[in-house]
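Reader: I have a structure before me and should like to learn how to read it step by step. May I put some questions to you?

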Amino acid sequence: MKITFLGTRGYIEARNDRHRRHTATLVEYRGAKLMIDCGLDWEEEVFEIDPDLIAITHAHPDHAFGLKDTAPCPVHATQTSWDKLGAEGLARFPDAMKHVVKDREPKTVRDITFEPFEVIHSLRAPAVGYRISAGRAAIFYVPDVVNIKEREAALKGVDAYIGDGATLDSPMVRRKDCQLFGHTTIRAQLGWCGQNGVDLAVFTHCGSQIVEGDERTLKPKLKEYAQERGVSDPRIAHDGDELVL
């Protein structure tokens with residue numbers, strides 16, 4: 001399994017040479033290509049990438065608003081995401097290209113299997129993370145998250161956790177009507193990995209703390225938090241970064 005981090009910038013104004021494009025990731029295996037998310041700045045480029053399918057995590061602009069009148073392949077998303085995209089006047093391509101994913105129901109396209117897991121992130125645009133497997137490799141991918149509802153099942157036996165880099169250690173979780181939303185810290189996500197025996201943790205969807213900060217200062221903190229939680233290989237992804245499992 002080859003994973004290419006096409007873009008790693010969160011929905012923020014700040015950008016730099018390492019984090020320039022909205023978060024999107026390409027998973028490849030034996031010629032099959034799965035693209036995860038298609039935000040605003042991928043509307044034209046998605047045709048150059050030419051994936052076999054696109055899986056959407058949720059219907060926020062930086063994850064799904066690159067889908068307008070057409071798409072180069074079938075697109076998979078929850079019914080809630082399709083409803084929100086329709087309300088925004090997006091995803092106007094033929095219904096035959098629109099596929100609905102349901103919580104904990106895996107789908108296989110060619111040799112790549114992806115299984116959605118419900119996560120807590122947004123009240124208006126509910127999100128999922130995807131457990132993706134191909135051959136002997138498996139990852140869990142969740143670029144925006146407060147919590148994973150079935151975390152143990154999501155992370156069991158995965159080779160890598162690819163998570164939310166919105167904040168290293170500054171809380172970004174809020175509450176409305178007893179419901180949480182926002183982004184949990186990288187430090188907390190490293191705790192999930194340590195509890196579930198995941199040694200490789202990669203963070204994308206980078207927020208201002210990373211994009212506007214100095215990674216030379218941030219990386220020692222990242223390693224310190226990882227060591228405290230028993231994670232041996234923590235990384236911050238950048239645009240164009242590749243990972244082979």
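Reader: In what order do the seven strands of the open sheet lie?

Author: The model is a predicted one. Its open sheet of seven strands has mixed pairing. Read across the sheet, the order is β6-β5-β4-β3-β2-β1-β17.

Reader: Which strands stand at the edges of this sheet?

Author: A strand at an edge has a single partner strand, so one side of it is left without a neighbour in the sheet. From one strand to the next, the twist averages 25 degrees. The two edge strands are β6 (98–100) and β17 (241–244).

Reader: Which residue of β6 is the bridge partner of His76?

Author: Strand β5 covers residues 75–77. Three bridges join β5 to β6, and the two strands run parallel. In β6, the bridge partner of His76 is His99.

Reader: Against which elements do the buried residues of α3 pack?

Author: Helix α3 spans residues 79–87, and Ser81, Trp82 and Leu85 are buried there. These residues cover an arc of only 100 degrees around the axis, which puts them on the same side of α3. Just after the helix, Gly89 takes a positive phi of about 75 degrees. The buried residues of α3 pack against α2 (61–64), β5 and β6.

Reader: Which residues have the most contacts inside the largest nonpolar core?

Author: This core has 30 residues. Several elements each supply at least two of its residues, among them β8 (112–120), β10 (137–141), α5 (186–195) and α7 (215–228). A second, separate core of 26 residues includes Val27, Ala55, Tyr130 and Ile132. In the largest core, the residues with the most contacts are Phe140, Ile148, Tyr161 and Leu190.

Reader: Leaving aside its neighbours within four places in sequence, what is Phe140 in contact with?

Author: Phe140 is one of the residues with the most contacts inside the largest core. With neighbours within four places in sequence left aside, its contacts include Phe117, Gly129, Arg131 and Ala154. Also in contact with Phe140 are Tyr130, Leu155, Val158 and Ala160, and the list is completed by Ile148, Tyr161 and Ile162.

Reader: How many of the residues of strand β12 are buried?

Author: Strand β12 covers residues 160–164 and is largely enclosed by the rest of the structure. A residue counts as buried when its relative accessible area is under 20%. By that criterion, the number of buried residues in β12 is five of the five.

Reader: Which residue of β15 is the bridge partner of Gly163?

Author: β12 pairs in the parallel sense with β10 over three bridges, and Ala160 of β12 is the bridge partner of Ile139. β12 also pairs in the parallel sense with β15, over four bridges. In β15, the bridge partner of Gly163 is Phe203.

Reader: Is Asp177 buried or exposed?

Author: Asp177 is found in the loop between β13 (172–176) and β14 (179–183). Asp177 has a positive phi of about 50 degrees although it is not a glycine. Its relative accessible area is 64%, and the cut-off for this class is over 50%. Asp177 is therefore exposed.

Reader: Is His205 buried or exposed?

Author: His205 is found in the loop between β15 and α6. Its phi is near 50 degrees, a positive value in a residue other than glycine. With a relative accessibility of 4%, His205 counts as buried.

Reader: Where does UniProt place the feature "domain: Metallo-beta-lactamase"?

Author: The UniProt entry that holds this feature is unreviewed. Over the stretch concerned, the chain is 14% helix and 38% strand, and the end C-alpha atoms are 19 Å apart. UniProt places the feature at residues 21–183.

How values were computed
Residues are numbered from 1 along each chain as its sequence is written. This is a predicted model: local features need pLDDT of at least 70, side-chain atom pairs count only at pLDDT 80 or more; totals for chains, interfaces and linings use all residues. Side-chain values use heavy atoms; hydrogens and water are left out. A nonpolar core is a set of buried Ala, Val, Leu, Ile, Met, Phe, Trp, Tyr and Cys residues joined through side-chain atoms within 4.5 Å. Buried means under 20% relative accessible area, exposed over 50%, partly exposed in between (1.4 Å probe, protein chains only). Contact means heavy atoms within 4.5 Å. Two strands pair if DSSP finds at least two bridges between them. Axes are lines fitted to C-alpha atoms, for helices over the stretch in contact, and angles run from 0 to 180 degrees between N-to-C directions. The arc is that of the directions from the helix axis to the C-beta atoms. UniProt positions are given in the numbering used here, feature names are shortened, and annotations may be inferred rather than shown by experiment.
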